[in-house]
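Work through the exercises below with the model open beside the text, and try each task before reading its solution.

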Amino acid sequence: MSVVEVGAIDALCSVLNVNDTKILIVALDAIESILKVGDAQNKDYTSFVDECDGLLAIEELQEHESEEVYEKTVNIIESYFGVDNDFEEENLAPENDGNMFAFGVPQKNLDASFDTTAAPMQFNF
């Protein structure tokens, strides 16, 4: 029986709302170690973190006053939860057509996904 099966991730994620920087660093190190082992064993421990709102807590800790906490949270998010690079930021750049600027924004579907194949909405100024 692994530590994940007995609720270690849930317990660690519940600690992420304390104000003690040292405790946060220990909890983030432990979560990162568990995720690293899960990757090595091809087990999806990231879903356990997400299910207990750990990902939300980790994302909120990116605004923590400690630089070390910030760096650890960014490393965990980038390494194990990925960064959504599918959405192209180029559509947000204005297009200059004479004396008018146009900004393109991709359409958002009802299921909260972005339809990058559809023509973007245009706002002309």
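The exercises that follow concern a predicted model, and each task is followed by a worked solution.

**Exercise 1. Layout of the chain**

Task: State how many helices and strands the chain has, and describe the order of its elements from the N terminus on.

Solution: The chain holds 5 helices and 5 strands. Read from the N terminus on, the elements run α-α-α-α-α-β-β-β-β-β. As for burial, 28% of the 125 residues of the chain count as buried.

**Exercise 2. The nonpolar core**

Task: For the largest nonpolar core, find which residues have the most contacts inside it, and then determine which element gives the most to this core.

Solution: The largest nonpolar core has 23 residues, and those with the most contacts inside it are Leu16, Ile31 and Ile58. The elements that give two or more residues to this core are helix H1 (8–14), helix H2 (21–40), H4 and helix H5 (67–81). Of these, H2 gives the most, with 7 residues.

**Exercise 3. A salt bridge between two helices**

Task: Identify the partners of the salt bridge, and decide for each whether the residue is buried, partly exposed or exposed.

Solution: The count comes to 1 salt bridge, and Lys72 forms this bridge with Asp29, the closest N and O atoms being 2.7 Å apart. Because Lys72 belongs to helix H5 and Asp29 to helix H2, the pair ties together parts that are 43 residues apart in sequence. With a relative accessible area of 18%, Lys72 falls under the 20% cut-off and is therefore buried. Asp29, in turn, has a relative accessible area of 29% and is partly exposed.

**Exercise 4. Two further pairs distant in sequence**

Task: Compare sequence separation with C-alpha distance for the pair Ser79 and Leu35 and for the pair Lys22 and Glu68.

Solution: Take first Ser79, which lies in helix H5 and, at 41% relative accessibility, counts as partly exposed. Ser79 and Leu35 are 44 residues apart in sequence, and their C-alpha atoms are 9.4 Å apart in space. Next comes Lys22, which lies in helix H2 and is exposed, with a relative accessible area of 69%. Lys22 and Glu68 are separated by 46 residues in sequence and by 9.9 Å in space, C-alpha to C-alpha.

**Exercise 5. The negative patch**

Task: List the residues that gather in the patch of negative charge on the surface, and say which elements give two or more residues to the patch.

Solution: The patch is formed by Asp39, Asp44, Asp50, Glu51, Asp53, Glu59, Glu60 and Glu63. The elements that give two or more residues to this negative patch are helix H3 (46–51) and helix H4 (54–60). Asp53, also a member of the patch, lies in the loop between H3 and H4.

**Exercise 6. Positive phi values in loops**

Task: Say where Asn42 and Asp53 are found, and whether phi is positive or negative in each.

Solution: The starting point is that most residues other than glycine have a negative phi. Asn42, found in the loop between H2 and H3, has a phi near 55°, a positive value in a residue other than glycine. Asn42 is also exposed, with a relative accessible area of 72%. Asp53, found in the loop between H3 and H4, likewise has a positive phi, near 60°. At 51% relative accessibility, Asp53 passes the cut-off of over 50% and so counts as exposed.

Methods. Residues are numbered from 1 along each chain as its sequence is written. This is a predicted model: local features need pLDDT of at least 70, side-chain atom pairs count only at pLDDT 80 or more; totals for chains, interfaces and linings use all residues. Side-chain values use heavy atoms; hydrogens and water are left out. Patches are made of residues with over 30% relative accessible area and no salt bridge: like charges are joined within 9 Å, nonpolar side chains (Val, Leu, Ile, Met, Phe, Trp, Tyr) within 5 Å. Accessible areas come from the Shrake-Rupley method with a 1.4 Å probe; for residues, only the protein chains shown count as cover. A salt bridge is a side-chain nitrogen of Lys or Arg within 4 Å of a carboxyl oxygen of Asp or Glu. Lys and Arg count as positive and Asp and Glu as negative; His and the chain ends are not counted. The place of a charge is taken as NZ of Lys, CZ of Arg, CG of Asp or CD of Glu. Helices (H or I, at least four residues) and strands (E, at least two) are DSSP runs, numbered from the N terminus. A nonpolar core is a set of buried Ala, Val, Leu, Ile, Met, Phe, Trp, Tyr and Cys residues joined through side-chain atoms within 4.5 Å. Buried means under 20% relative accessible area, exposed over 50%, partly exposed in between (1.4 Å probe, protein chains only).
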